[in-house]
Each structure stands twice: as structure tokens, then as C-alpha cells.
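Student: I would like a close look at a single part of this model, followed by whatever can be said about other places along the chain. Please take it slowly and keep the reasoning explicit.

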Amino acid sequence: MDFLAGCIGGAAGVLVGHPFDTVKVRLQVQNVDKPLYRGTYHCFQSIVRQESMFGLYKGIGSPMMGLTFINAIVFGVQGNAMRYLGHDTPMNQFLAGAAAGTIQCVICCPMELAKTRMQMQGTGEKKSKRKLYKNSLDCLARIYKREGLSGVNRGMVTTLIRETPGFGVYFLAYDFLTRSIGCEPDDPHMIPKLLFAGGMSGIASWLSTYPVDVIKSRLQADGVGGVYQYTSIADCVRQSVRREGLRVFTRGLTSTLLRAFPVNAATFATVTLVLLYARGVEEGPKD
């Protein structure tokens with residue numbers, strides 16, 4: 001049931017947050033010498049004006065397919081890990097979340113690679129004159145044909161560095177907040193409290209690992225058009241800091257946090273309500 005609940009929660013989160021993710025990626029990887037966007041609002045405005053509303057949903061196929069399964073894996077592994085660990089403690093919440101974050105990287109990394117490449121395709125054009133990729137699957141197929149398995153898993157190390165502690169913080173923060181504000185099944189304000197706890201957990205998770213996400217996005221966007229700028233993670237960090245200073249690690253942070261609250265509020269609230277309903281049906285009205 002953890003897997004099913006995660007599946008439904010993942011789909012809800014993608015629909016709510018994908019436009020913000022598109023803005024985040026555009027801001028993270030744009031050329032600092034010739035920037036197309038001045039900030040989050042200008043990026044939103046420019047994409048809608050130049051590429052229509054559909055421009056904000058470029059690459060949604062990849063996360064819609066991937067995040068649905070990713071959330072199923074994350075909540076399934078986390079639930080099973082907690083049962084295995086036995087005691088519901090803050091440390092166990094962190095460890096179970098970290099384990100879930102690590103395992104889902106197998107799907108997350110290729111999915112985000114395809115999403116990033118699709119989001120960058122046809123930047124500033126309402127109708128792309130020449131589409132390199134037809135869709136997310138075509139994107140991965142072409143990358144695999146050209147670069148092999150290592151190409152499809154480009155950015156895997158940075159994904160692991162981001163996701164493992166990130167999901168630990170995610171579940172730890174949610175557990176702490178739900179206990180602090182009292183999200184009991186008979187509470188008439190349970191849903192608003194769940195939404196608040198889920199949203200704030202998402203923000204805490206992103207803040208804990210955001211600099212790594214900037215580097216991951218740059219590595220995964222690198223090579224579009226056949227030109228590679230970075231040779232390694234260290235080289236990407238070095239070049240980025242030299243050209244843009246430490247502020248490079250906050251590029252796109254505003255749109256990320258704007259996205260993080262509604263996406264994770266929808267995801268966690270949906271998962272929790274599905275689990276409460278399912279357990280209520282299985283165990284009877286008393287429980």
C-alpha cells in the first residue's frame with residue numbers, strides 16, 4: 001500500500017510543480033555572459049510569451065512516468081525500512097529516508113537527464129525549428145546510442161550526493177512537524193496541517209542539498225549540441241565558481257522553493273490520506 005500511495009502522490013506533485021522546475025533548470029544552466037532571464041518572474045514571463053504556456057510543461061513526460069514510480073519506490077522503501085528498523089525515532093526516520101533516496105537514484109538520474117534536455121530544447125522558440133528529441137524516451141534512446149550506459153547515467157554521482165541526505169532530511173522534517181503540530185486522524189484541521197508539514201519538509205530538503213542540484217543540472221545539460229564544457233564534477237564546480245562566484249549555488253533557488261511547498265504538500269498529504277483510508281478499510285472503523 002505504501003507503493004500505491006506513493007504512486008498517486010507522485011502524480012499529484014508533478015502536475016502541480018513542473019512549471020517551476022522548468023524555470024529552475026533554465027536559470028541554473030543559462031549562460032552567465034549572455035543571460036536570457038533576469039530572475040524567476042522574468043523567466044516565467046519570457047517562457048509563456050515566447051513559447052506559450054506549453055513551454056512551462058516541456059519535458060513533463062519524463063517526470064510523469066518517472067516520478068510516479070520514484071515516489072512509489074521512495075514511500076515503499078521508507079515504509080519497509082521503518083518496519084525493519086523497528087523503532088520510530090528521528091534517527092531511524094533519517095536513515096529510512098536516506099535508504100529510499102539512494103535506491104530511487106537508479107530511475108531518478110536518467111529521468112532528470114531526459115527532463116533537463118527536453119526543458120532546454122527550443123529555448124525562446126514558440127515552435128522549435130529543429131527538434132533534437134521527439135520525447136523523453138527518444139531523448140534517452142539517442143543519448144544511449146551516442147554515449148552508451150554512462151551517457152544515460154550522466155550526473156549519477158551528484159544525484160546520489162543530493163538524494164541520499166536530501167530524503168533523510170525530508171522524512172525527518174515531516175515526522176518532526178507532524179508530531180509538533182499534532183496531525184491526528186480525528187483532528188478537523190488534519191488536511192491543512194498535513195499540507196503545511198509536507199510543504200515545509202520539501203523546503204527543508206531542498207535547502208539542505210541545493211548547491212549539489214545546481215552542479216547536477218549543469219552536468220546533465222552539458223553536451224547539448226555536441227559541445228562539452230565540463231570534464232568532471234570538480235571541473236564544473238571550479239569553472240562555475242570562477243565565473244559566477246559562490247552565488248552560482250543559489251541560481252534558481254526562488255523558483256525551487258516556490259515549487260517545493262505546493263508539490264510536497266500535495267505529495268505528502270495525498271500519500272498520508274491514501275494510507276489512512278487504506279488502513280482504515282483494512283483494520284476497521286475502530287483503528
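In which helix is the place of M91?

Tutor: In this predicted model, M91 has its place in helix α4, and because its relative accessibility of 54% lies over the 50% cut-off, the residue counts as exposed. M91 also takes part in a nonpolar patch on the surface, about 460 Å² in area, which is made together with Y84, L85 and L95. Two helices contribute to this nonpolar patch, since α3, covering 61–85, and α4, covering 90–103, each supply at least two of its residues.

A loop residue may be set beside this one. P35 lies in the loop that joins α1 (2–29) to α2 (40–51), and with a relative accessible area of 47% it is partly exposed. Between the C-alpha atom of P35 and that of N153, which stands 118 residues away along the chain, the separation is 28 Å.

Another loop, the one between α8 (190–221) and α9 (233–244), holds D222, and here the relative accessible area is 5%, a value under the 20% cut-off, so D222 is buried. The side chain of D222 reaches the backbone nitrogen of Q229 at a distance of 2.8 Å. When neighbours within four places in sequence are left aside, the residues in contact with D222 are R117, R154, V227, Y228, Q229 and Y230, so that Q229 appears both in this list of contacts and as the partner whose backbone nitrogen the D222 side chain reaches.

Definitions and conventions
Residues numbered from 1 in each chain as written. Predicted model: local features only at pLDDT ≥ 70, side-chain atom pairs only at ≥ 80, totals over all residues. Heavy atoms only, no water. Patch = residues over 30% accessible without salt bridge, like charges linked within 9 Å, V, L, I, M, F, W, Y side chains within 5 Å. Areas by Shrake-Rupley, 256 points an atom, 1.4 Å probe, with all protein chains shown as cover. Salt bridge = Lys/Arg side-chain N within 4 Å of Asp/Glu carboxyl O. Helix = DSSP H or I, 4+ residues; strand = E, 2+ residues; numbered from the N terminus. Buried < 20%, exposed > 50% of the residue type's maximum accessible area, 1.4 Å probe, protein only. Polar contact = N/O pair within 3.5 Å; in protein donor to acceptor, adjacent residues only side chain to side chain. Contact = heavy atoms within 4.5 Å.
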